[in-house]
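Trainee: I would like a close look at a single part of this structure, with enough of its surroundings to place it. Please take the nonpolar core and work outward from there.

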Amino acid sequence: MKNCLILLLALCINAAAAQTTDNWTLKKDNDGVKIYTADYKNSKIKALKVECEFDATPAAVTAAVMDIKNSKQWIYSTETAYVVKRVSPSDIYYYTLIKMPLTVSNRDYVGHLVVHQDPKTKVVTINGSSV
């Protein structure tokens, strides 16, 4: 049985902006994966929301996303990744270094992931933002 996971990765200036974004625009719908973007006031950075279904339990998918140490095995061009602070099992801050092509400097950022599961629908939402 497929379980729905809504993965919300908000690439934003702060977490508050991600929480107030409700004007999502569908940019791509391919093979069961829907990708949405949204604008922020006074920012060139867009928020990104991905909705998809996995043939896995919500717990298994959540565990994979929250396993920052091993994320470089499946997140493209990740050079280094580690947890900076674990607030709780469902709330972490992490550092990531992304390796860029030779002509561009590597990029790094600190992110924040928070997992929530709706008790009625059992839908898991993972909110992520840059810090």
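**The core and its surroundings**

Mentor: The accessible surface of the chain comes to about 8900 Å², and carbon and sulfur atoms hold 56% of that surface. This is a predicted model, so every value here is computed from predicted coordinates. The chain has 131 residues, and 31% of them are buried. Two helices and eight strands are present, in the order β-α-β-β-β-α-β-β-β-β from the N terminus. Among contacts with a separation of 6 or more, 35% join residues 24 or more positions apart.

Now the core. The largest nonpolar core has 10 residues: Val-65, Met-66, Ile-68, Ala-81, Ile-92, Tyr-94, Leu-113, Val-115, Val-124 and Ile-126. At least two of these residues come from each of α2 (58–66), β6 (91–98), β7 (107–117) and β8 (124–130).

Take Ala-81 from that list and look at what lies around it. Ser-71 sits 10 residues away from Ala-81 in sequence, and their C-alpha atoms are 7.0 Å apart. Ser-71 belongs to the loop between α2 and β5. Ser-71 is counted as buried because its relative accessibility is 5%, under the 20% limit. Ala-81 is also one of the contacts of Thr-96.

Thr-96 lies in strand β6 and is buried, at 4% relative accessibility. Setting aside neighbours within four places in sequence, Thr-96 touches Thr-78, Thr-80, Ala-81, Arg-107, Asp-108 and Tyr-109. The last residue in that list, Tyr-109, leads to strand β7, where Tyr-109 is found.

Tyr-109 is partly exposed, with a relative accessibility of 33%. With neighbours within four places in sequence again left out, the contacts of Tyr-109 are Tyr-94, Tyr-95, Thr-96 and Ile-98. Tyr-94 is itself a core residue, and this contact ties Tyr-109 to the core. As for Tyr-95, it is 14 residues from Tyr-109 along the chain, while the two C-alpha atoms are separated by 5.8 Å.

Next, the surface. Tyr-82, Val-84, Val-110 and Val-131 make a nonpolar surface patch of about 360 Å². Of these, Val-84 is placed in strand β5 (residues 78–88).

Two loop residues deserve a look for their backbone angles. Most residues other than glycine have a negative phi. Ser-77, in the loop between α2 and β5, has a positive phi near 65°. Ser-77 is partly exposed, at 25% relative accessibility. Lys-122 is not a glycine either, and its phi is positive at about 70°. Lys-122 is placed in the loop between β7 and β8.

Last, the charged pair. Side chains of opposite charge can pair when their charged atoms come close. The count for this model is one salt bridge. Glu-51 forms a salt bridge with Lys-49, with 3.7 Å between the closest N and O atoms. Glu-51 is partly exposed, with a relative accessible area of 24%, whereas Lys-49 is buried, at 14%.

To trace the path once more, start at Ala-81 in the core, go to Thr-96 by contact, and then from Thr-96 to Tyr-109. From Tyr-109, the contact with Tyr-94 returns to a residue of the core.

Key: Residues are numbered from 1 along each chain as its sequence is written. This is a predicted model: local features need pLDDT of at least 70, side-chain atom pairs count only at pLDDT 80 or more; totals for chains, interfaces and linings use all residues. Side-chain values use heavy atoms; hydrogens and water are left out. A nonpolar core is a set of buried Ala, Val, Leu, Ile, Met, Phe, Trp, Tyr and Cys residues joined through side-chain atoms within 4.5 Å. Buried means under 20% relative accessible area, exposed over 50%, partly exposed in between (1.4 Å probe, protein chains only). Helices (H or I, at least four residues) and strands (E, at least two) are DSSP runs, numbered from the N terminus. A salt bridge is a side-chain nitrogen of Lys or Arg within 4 Å of a carboxyl oxygen of Asp or Glu. Contact means heavy atoms within 4.5 Å. Accessible areas come from the Shrake-Rupley method with a 1.4 Å probe; for residues, only the protein chains shown count as cover. Patches are made of residues with over 30% relative accessible area and no salt bridge: like charges are joined within 9 Å, nonpolar side chains (Val, Leu, Ile, Met, Phe, Trp, Tyr) within 5 Å.
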